[in-house]
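Here are my notes on the model you sent. They are set out as numbered points, for reading beside the coordinates.

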Amino acid sequence: AIDNVQLHNPQVNAFVAVEERQVLENLGSQSMQRHEQGTTLSPLDGAPIGIKDNFCTETLPTTCGSKILEGFISPYDATVVQRLKQAGAIIMGKTNMDEFGMGAANIYSHYGTVINPHDQEKENGNKRHVAGGSSGGSAAAVASGMCIAALGSDTGGSVRLPASYCGVVGYKPSYGRCSRYGLVTYANSLDTVGILAQDVNSARLVYDTISAYDSKDPTSMPNNLRTRIDDQDQKFVSRWHNKDDLTGLVIGIPQEYYVDPLSETVIDFWRQGIRFFKERGATIVPVSLPMTRFALPAYFTIALAEASSNLARYDGVRYGRRSQANREEDDEFLYADTRAEGFGSEVKRRIMLGTHILTAGTYDKNFLPAQKARRLVQEDFDKVFIQPNLLHHDEKMTDITENKGVHLLLTPSAMSPAPTIEECLPESDDSNDKRKEHHGAVDTYVNDVMTVPASLAGIPAISVPFEKSNGFPIGLQLLGQYGYDQFLLEIADIFS
Ligand code: GLN
């Protein structure tokens with residue numbers, strides 16, 4: 001892993017900070033010793049792991065890909081980082097990301113764009129392919145062997161999209177399964193700790209290590225709910241032992257994901273995925289999730305509103321960088337100058353939109369309807385899954401336990417294989433600019449259409465690398481009912 005960082009990182013730009021070689025080698029030999037003595041701490045003992053730069057770490061800086069946090073060192077480790085260390089995992093370094101998680105191509109990082117490790121063009125400027133975002137550094141680090149797994153964060157697809165572009169596994173557990181304590185907030189009601197890994201089994205090992213109740217995270221799934229859901233989850237896990245016989249498994253294909261701009265290649269691979277399950281005896285049924293069309297606008301309304309509030313903490317007083325402009329004795333100039341200098345253009349755009357959404361008038365017209373749409377998207381999923389949603393289920397709602405529906409859903413993870421940097425740049429003001437045909441700032445948001453519904457509903461979702469098209473991988477996404485994480489991982493393992 002150390003050699004791969006040295007070899008590939010200058011090209012790929014996956015890590016923004018790497019632990020000292022000496023420290024890594026020491027940790028490595030300590031782990032080797034434990035392996036020899038039969039005193040290993042866990043199956044992850046000695047495993048090289050990358051950490052997205054929005055997880056707090058005591059020893060390496062935590063910048064969230066932003067200039068405003070340049071050089072910031074957190075006084076504590078995020079709970080999930082602590083759990084990995086206790087399991088003997090070796091933290092290789094911090095991975096590049098779109099500033100504060102805002103983006104889908106990893107072109108909005110103060111520390112430069114992440115280049116897709118499958119890219120063959122060495123010196124081709126904007127024609128190079130992106131790794132996807134916002135956890136692009138984590139996906140690229142795993143894809144180029146710099147670590148076997150990496151933590152990412154997934155607010156609206158930031159783990160699944162780069163996983164699809166880079167050809168690795170990208171897993172977003174159910175909301176509340178893994179502690180967010182020490183994960184720097186973008187949109188708190190959507191932010192989820194995510195995992196990128198070389199295969200489903202490695203993703204599962206990381207998940208088993210970091211998934212636990214944490215009293216420091218008020219949205220952590222409490223133990224009594226964990227036990228209740230895990231009992232049900234296990235029943236589904238043990239039902240399909242034989243990898244080659246999936247008889248009885250029902251996979252739903254949501255027709256609303258068959259959107260207009262979906263590339264032909266992706267449609268082909270989606271069909272192949274369907275065939276995979278059919279050949280093993282599973283039943284494939286088309287399903288309808290009619291509220292999907294509200295998912296994107298609802299997501300960008302809620303995420304930006306929450307972001308505008310959460311990012312108010314970067315004022316130059318408490319964290320990170322402070323403007324030296326010293327315009328007046330007035331504090332307001334200190335805040336304004338710090339934020340004007342420290343935030344990148346996309347973050348500013350989103351703070352302004354989010355602030356607007358939360359102002360009187362717009363709040364009723366946009367924010368509340370978005371919350372209602374979110375609930376409708378959630379209910380869509382509850383209607384198609386066989387498993388009841390144990391988060392909302394109470395005695396009065398017994399009709400949702402009806403034994404009709406699907407066990408999992410299968411969709412593409414992204415609309416296309418990895419695009420080039422040029423295709424991802426926001427529209428310029430130049431009316432002759434060719435990019436205008438494809439991608440404006442809003443058009444790039446459309447890329448998240450496959451992934452945001454699961455984020456709004458808080459359900460688990462995993463992108464599994466399926467095939468390569470013209471040298472670039474494509475991922476397919478499996479979605480499960482809220483809390484059924486082990487079942488989802490089990491079937492994803494068979495699928496991969
Ligand atoms: N691309 C989406 C956004 O820009 C999702 C990002 C994420 O999941 N962090 O908000």
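**Notes on the predicted model**

1. Asn 106 sits in the loop that runs between β3 and α4. The model is a predicted one. Asn 106 is not a glycine, yet its phi is positive, at about 55°. Its surroundings are crowded enough for the buried class, because 36 other C-beta atoms lie within 10 Å, where the cut-off is 20 or more.

2. The loop between β3 (90–95) and α4 (136–143) also holds Ser 134. The peptide bond that joins Gly 133 and Ser 134 is cis, with omega of about 5°. Most residues other than glycine have a negative phi, and most peptide bonds are trans. This bond and the phi of Asn 106 can be checked against that background.

3. Cys 64 should be checked in the same way. It has a positive phi of about 55° and is not a glycine. Its place is the loop between β2 (48–52) and α3 (79–86). Cys 64 counts as buried because it has 29 C-beta neighbours inside 10 Å.

4. Next, the ligand. It is surrounded by 14 residues, and the closest are Gly 101, Ala 104, Thr 155, Gly 156 and Ser 158. By class, this shell comprises 8 polar, 4 nonpolar and 2 charged residues.

5. The domain assignment splits the chain into domain 1 (1–291 + 376–496) and domain 2 (299–362). Their C-alpha centres are 28 Å apart. Contacts between the two involve 25 residues of domain 1 and 19 residues of domain 2. On the side of domain 1 that touches domain 2, α14 (441–445) and α15 (452–457) are the elements that give two or more residues. The most comes from α15, with 3 residues. That side of domain 1 is made up of 13 nonpolar, 9 polar and 3 charged residues.

6. Which residues have the most contacts inside the largest nonpolar core? They are Ile 49, Ala 149 and Leu 196, in a core of 137 residues. Helix α9 (residues 295–310) is its greatest contributor, with 10 residues. Both domain 1 and domain 2 supply at least three residues to this core. In soluble globular proteins, nonpolar side chains tend to be buried together.

7. Ala 149 shows what the contacts look like at one position. Leaving out residues up to four places away in sequence, Ala 149 touches Ile 49, Val 142, Ile 195, Leu 196, Ala 197, Ser 202, Ala 203 and Val 206.

8. Helix α9 merits a point of its own. Of its 16 residues, 12 are buried, so the helix is mostly covered. The buried positions include Leu 296, Tyr 299, Phe 300, Ile 302 and Leu 304, along with Thr 301 and Glu 306. The length of α9 agrees with expectation, because 16 residues at 1.5 Å each should span 22 Å and the end C-alpha atoms are 22 Å apart.

9. Last, Tyr 335, which belongs to helix α10 (residues 331–342). Is Tyr 335 buried or partly exposed? It counts as partly exposed, because it has 17 C-beta neighbours inside 10 Å, under the 20 or more that a buried residue needs. Beyond its neighbours within four places in sequence, Tyr 335 is in contact with Asp 315 and Gly 316. Tyr 314 is 21 residues from Tyr 335 in sequence, and their C-alpha atoms are 8.2 Å apart.

Note on methods. Residues numbered from 1 in each chain as written. Predicted model: local features only at pLDDT ≥ 70, side-chain atom pairs only at ≥ 80, totals over all residues. Near = placed C-beta within 6 Å. Nonpolar A, V, L, I, M, F, W, Y, C, P; charged D, E, K, R; others polar. Domains from an automatic or database assignment. Contact = placed C-beta atoms within 7 Å. Helix = DSSP H or I, 4+ residues; strand = E, 2+ residues; numbered from the N terminus. Core = buried A, V, L, I, M, F, W, Y, C linked by C-beta atoms within 7 Å. Expected span 1.5 Å × (residues − 1).
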